Amino acid sequence: MELAKGGTPAGLIATTAFQGLAVSQLSARRVSGLALLVIEHPLGSEPPEGVVRRAHQAVEQLVSLVGRS
């Protein structure tokens, strides 16, 4: 968040369980326009093929977010 405040392009990655907290922190820290990439929760117990699926979803979101800039 500090990078974004200083003008450096940045983003935040969170799982669905922490999406609300991430949004609250962005607001509380007065960081607007920071890209938020959200992946399914949890990751810790996910089998390798599930992690690969989520990674593909994350890359798709990232491409979409970068394309908006």
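Helices (H or I, at least four residues) and strands (E, at least two) are DSSP runs, numbered from the N terminus. The model is predicted: local features need pLDDT of at least 70, side-chain atom pairs count only at pLDDT 80 or more, and totals for chains, interfaces and linings use all residues. Residues are numbered from 1 along each chain as its sequence is written, and side-chain values use heavy atoms, with hydrogens and water left out.

**Figure 1. The whole chain has 3 helices and 2 strands.** Read from the N terminus, the order of elements is α-β-α-β-α. Along the principal axes, the C-alpha atoms fill a box of roughly 40 × 25 × 15 Å. The chain has 69 residues, and 20% of them count as buried. Buried means under 20% relative accessible area, exposed means over 50%, and partly exposed is in between (1.4 Å probe, protein chains only). The accessible surface comes to about 4,900 Å². Carbon and sulfur atoms own 60% of that surface. These areas come from the Shrake-Rupley method with a 1.4 Å probe; for residues, only the protein chains shown count as cover. Now take contacts between residues at least 6 apart in sequence: 50% of them join residues at least 24 apart. A contact means heavy atoms within 4.5 Å.

**Figure 2. Strands E1 and E2 run parallel.** E1 covers residues 11–15, and 5 bridges join E1 to E2. Two strands pair if DSSP finds at least two bridges between them. Find Ile 13, then look across to Leu 37 in E2, which stands opposite. E2 is mostly covered, with 4 of its 5 residues buried. In a regular strand, side chains alternate between the two faces of the sheet.

**Figure 3. Glu 40, Glu 46, Arg 53 and Arg 54 form a network of salt bridges.** A salt bridge is a side-chain nitrogen of Lys or Arg within 4 Å of a carboxyl oxygen of Asp or Glu. The whole structure holds 4 salt bridges. In one, Arg 53 meets Glu 40, with the closest N and O atoms 3.1 Å apart. This pair links distant parts of the chain: Arg 53 sits in helix H3 (residues 48–68), while Glu 40 sits in the loop between strand E2 (35–39) and H3, 13 residues apart. Glu 40 also bridges to Arg 54, at 3.9 Å from N to O. That pair links distant parts too, with Arg 54 in helix H3, Glu 40 in the loop between E2 and H3, and their positions 14 residues apart. Arg 54 has another partner, Glu 46, and their closest N and O atoms are 2.9 Å apart.

**Figure 4. How covered are Arg 53, Glu 40 and Arg 54?** Arg 53 counts as partly exposed because its relative accessibility is 36%. Glu 40 has 31%, so Glu 40 counts as partly exposed. Arg 54 has a relative accessible area of 6%, so Arg 54 is buried. For the charges of the whole chain, count 6 positive and 5 negative side chains. The centres of the two sets lie 14 Å apart. Lys and Arg count as positive and Asp and Glu as negative, while His and the chain ends are not counted. The place of a charge is taken as NZ of Lys, CZ of Arg, CG of Asp or CD of Glu.

**Figure 5. The peptide bond from His 41 to Pro 42 is cis.** Its omega is near -5°. Pro 42 lies in the loop between E2 and H3.

**Figure 6. Arg 30 and Gly 33 lie in the loop between H2 and E2.** What is the phi of Arg 30 near? Phi is near 55°, a positive value in a residue other than glycine. Arg 30 counts as exposed because its relative accessibility is 74%. Gly 33 has a relative accessible area of 83%, so Gly 33 is exposed. Gly 33 and Gly 11 are 22 residues apart in sequence. In space, Gly 33 and Gly 11 are 9.1 Å apart, C-alpha to C-alpha.

**Figure 7. Gln 25 sits in helix H2 (residues 19–28).** Is Gln 25 buried or partly exposed? Gln 25 is partly exposed, because its relative accessible area is 28%. Gln 25 and Met 1 are 24 residues apart in sequence. Their C-alpha atoms are 9.3 Å apart in space.
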